[in-house]
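Here is a short round of questions and answers. Each answer sets a value against its definition.

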Amino acid sequence: MSQRISAQRMSWGLLALSFLLLAFGLGVLALRSSQTGVTQSVLQPLAYLPWVAAVAAAAMFLQAMLLRCRVSPWLLPFSFFFASVGLVEIARLKPILFIPQLRWLLIGMAAFLVVLRCGRSIVELTSYQYMLGLSCLVLLALPLLFGTEIGGSRNWLVLGPVQVQPSEFSKILLVLFLSAYLADHEEVLTSAKHHFLLFRLPPLRFIAPLLCIWGMAILMFVVARDLGSALLFFGIAVFMTYMATGSRSYVFIALLVFVAAAVASYALFGHVRVRFDIWLDPWADPNGMAYQVVQSLFAFGSGGVWGAGFAHGHPGLIPEVHTDFIFAAIAEELGLIGSLTLLLGYAVFFLIGIRTALSGETMERILLSAGASVVFLLQAFIIMAGVTKFLPLTGITLPFVSYGGSSMVSGYLLLGLLAVLSQRKGGHAA
């Protein structure tokens, strides 16, 4: 009992710290704009204070509701810590997008509340696993048929004034589908007796859904040029399959499929060759196709250990720095210390999700919690690895930090699912 009260107090402290960080960052930017003679800034108090106050009030209300429902007290504060870092950076990099990002944050919290209230019904959707799988594939296929190319990737649907990225929402359907499918077929997938080369596999009909997901991920990479989402979906499928079966055969086969597809794509498609050539040697064309990667590496190098200081770097030299490259901006101005703090935050957030999974009552709930946790950590790793040239550059967002409505809303939908699954006995859905 005392440990739970202590955790609740610490979670309130983290929530307060997040908003102090936001207020301090905005104060620094407002002071800097007044010193430089900028009078018509969107960072003037009358412009942003009502929105910040609304977000703070909504966050405190939601946190109090979570504690009454005996939900993990850490989920919401950690998400607001990431969101506060992102809001400060967006205010620094693209001030005109600060208030729109606040609006998306409020919409995300509303979506979180909806999931919290309808949590039991959403979890019961796993009873319709094949409908979930089909819906996921349809969402992924929509940009291939009707999508608009933005930033070099054909992964957007333009609906009037709103731009939607279907892959952000289809990853939720993917986690729901895989948790239900793998839980139902755990015994068959685990005790596979058919031999293929050095691997033991079940009959083809049982791994066909996994092959479809892997195939769609490769199609997204080749046709939609969306390497980030392709790696994310591929990784989710591999991780969840391994967690459900404990079999290394599926991992090895997935890696073989990925390597074969990568080699074939490199040989057949020019844009794939360009992407890999930039990754292997960005200095061959530093002012052309590799400009973003090179500027990102310069940002990391100039940041050093302590950073250049908030609002004292030059992250604006990186195109689209507020979306794909926001981690590079953080590294330049806050240095290695700030970067590792953010990375450690994602690692702790993942451990909270895994702890929720380990307390699950059924295999389905265990996989659902673990899959949701993997999504956040894997997405953060892929984009961080891309901007540091550890992996080829990808076009996904840093969860809760990068600018983007689809990313923010889908993140809070998934967070709401984790909150429902972390609910202790004796609590009730809000």
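Q: What phi does Lys 389 take just after H15?
A: Lys 389 takes a positive phi of about 70 degrees, just after H15. Helices here are DSSP runs of H or I, at least four residues, numbered from the N terminus. This is a predicted model: local features need pLDDT of at least 70, side-chain atom pairs count only at pLDDT 80 or more, and totals for chains, interfaces and linings use all residues. Residues are numbered from 1 along each chain as its sequence is written, and side-chain values use heavy atoms, with hydrogens and water left out.

Q: How do you know that the length of H15 agrees with its residue count?
A: The expected span is 1.5 Å times one less than the number of residues. For the 25 residues of H15 that gives 36 Å, and the end C-alpha atoms are 36 Å apart, so the two agree.

Q: Why is Gly 371 called buried?
A: Buried means under 20% relative accessible area, exposed over 50%, and partly exposed in between (1.4 Å probe, protein chains only). Gly 371 has 0%, so Gly 371 is buried. Gly 371 sits in helix H15 (residues 363-387), where 19 of 25 residues are buried.

Q: Which residues is Gly 371 in contact with, leaving aside neighbours within four places in sequence?
A: Val 175, Met 240 and Met 243. Contact means heavy atoms within 4.5 Å.

Q: Why does Ile 337 count as partly exposed?
A: Its relative accessibility is 39%, so Ile 337 falls between the two cut-offs. Ile 337 belongs to helix H14 (residues 326-358).

How values were computed
Helices (H or I, at least four residues) and strands (E, at least two) are DSSP runs, numbered from the N terminus.
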